[in-house]
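I opened the model to look up burial, ring pairs and charge pairs. My entries follow in the order in which I made them.

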Amino acid sequence: MPDGLECPELFLKKQSETNQNADSPDTEKQDAENLHLEIQSIENQGQLNTYLSSTKESSMKELNSTTSAPPKKKTPSSKKKYAEVVTMTEEEYQKLTGQHTTAFVEKCIEVLNNYKLSSGKRYKSDYHTILNWVVERVSKDYPQLDTPPAQSPAYDINVNPFDQFVR
């Protein structure tokens, strides 16, 4: 029996299979060497499984003890629905209306809402999506809406709209 083999039944079974299937003496030598390696891997397999299972148990205990509370997320209740699938906080909406006219902001919301509904896209922040590409698209498609109230002569307190009719 080769050195290191502790399971004679397995060795004899393997040896009888080798004798039946072997055509040359070289094949027998290779099979005997492979048998020795196979038996070693079988013997170590039980130890490996024990190690893995104990590692898993200790990892689970560590995870359970260190994670007492789930990570805090921003509450979606603070966001207000401005269209069917477009939500923003009131502060974000006020920032947009401070930079653009209300009509322009409403058109941005409409464009984003239609895009999200037609494509199925979802964004983490609709406000940042509007800033990223919707403002540019609406400015290009509807330039008349992007005139801020302070720059329009109709909204200027110091300009009389009827001055043009006086001779």
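Entry 1, burial. I call a residue buried when its relative accessible area is under 20%, exposed when it is over 50%, and partly exposed in between. The model is predicted, and I keep that in mind throughout. I tried the rule on Ser-125 in the loop between helix 4 and helix 5. Ser-125 has a relative accessible area of 16%, so it counts as buried. I then listed what Ser-125 touches, leaving out residues up to four places away in sequence, and found Lys-79 and Glu-92.

Entry 2, overall layout. I counted 5 helices and 2 strands in the protein. Reading along the sequence, I noted the order α-α-β-β-α-α-α. Of the 167 residues, 20% are buried. The exposed area came to about 13300 Å², with carbon and sulfur atoms supplying 52% of it. I also checked contacts with a separation of 6 or more, and 52% of them join residues 24 or more positions apart.

Entry 3, helix 3. Which residues of helix 3 are buried? In this helix, residues 90-99, I found Glu-92, Tyr-93 and Leu-96. They cover an arc of only 100° around the axis, which puts them on the same side of helix 3. On the face turned away from that buried side I noted the exposed residues Glu-91 and Gly-98. I then looked up what the buried residues pack against: strand 2 (87-88), helix 4 (102-119) and helix 5 (126-141). Glu-92 had already appeared in my notes as a contact of Ser-125.

Entry 4, aromatic pairs. How many aromatic pairs does the protein have? My count is 2. In one of them, the rings of Tyr-82 and Tyr-93 have centres 4.5 Å apart and planes at 10°, so I logged the pair as stacked. Tyr-82 sits in the loop between strand 1 (80-81) and strand 2 while Tyr-93 belongs to helix 3, so the pair ties together parts 11 residues apart in sequence. I found both Tyr-82 and Tyr-93 buried.

The rings of Tyr-115 and Trp-133 have centres 5.1 Å apart and planes at 75°, so I logged that pair as edge-to-face. Planes over 60 degrees apart get that label. Tyr-115 is in helix 4 and Trp-133 in helix 5, so this pair ties together parts 18 residues apart in sequence. Tyr-115 has a relative accessible area of 28%, and I put it down as partly exposed.

Entry 5, salt bridges. Side chains of opposite charge can pair when their charged atoms come close. I searched the whole structure and got 3 salt bridges.

I took Glu-90 and Lys-80 to begin with, whose side chains meet at 4.0 Å, N to O. Glu-90 is in helix 3 and Lys-80 in strand 1, so to speak distant parts of the chain, 10 residues apart. I found Glu-90 partly exposed at a relative accessible area of 38%, and Lys-80 partly exposed at 44%.

Next I looked at Glu-110 and Lys-107, which form a salt bridge at 3.4 Å, N to O. Both lie in helix 4, 3 residues apart, about one turn of the helix. Is each partner buried or partly exposed? Glu-110 has 40% relative accessibility and counts as partly exposed, whereas Lys-107 has 17% and counts as buried.

The salt bridge of Asp-126 with Lys-116 has its closest N and O atoms 2.8 Å apart. This pair links distant parts of the chain, with Asp-126 in helix 5 and Lys-116 in helix 4, 10 residues apart. I found Asp-126 buried at 2% relative accessibility and Lys-116 buried at 10%.

Entry 6, a charge over a ring. I went back to Lys-107 for its ring neighbour. Its charged end sits over the ring of Tyr-142, 4.5 Å from the ring centre. I therefore have two entries for Lys-107, which also meets Glu-110 in a salt bridge and sits over a ring by the rule of NZ within 6 Å of the ring centre and within 35 degrees of the ring normal.

Terms used: Residues are numbered from 1 along each chain as its sequence is written. This is a predicted model: local features need pLDDT of at least 70, side-chain atom pairs count only at pLDDT 80 or more; totals for chains, interfaces and linings use all residues. Side-chain values use heavy atoms; hydrogens and water are left out. Buried means under 20% relative accessible area, exposed over 50%, partly exposed in between (1.4 Å probe, protein chains only). Helices (H or I, at least four residues) and strands (E, at least two) are DSSP runs, numbered from the N terminus. The arc is that of the directions from the helix axis to the C-beta atoms. Contact means heavy atoms within 4.5 Å. Accessible areas come from the Shrake-Rupley method with a 1.4 Å probe; for residues, only the protein chains shown count as cover. Rings of Phe, Tyr and Trp (its six-membered ring) pair if their centres lie within 6.5 Å; planes under 30 degrees apart count as stacked, over 60 as edge-to-face and the rest as tilted.
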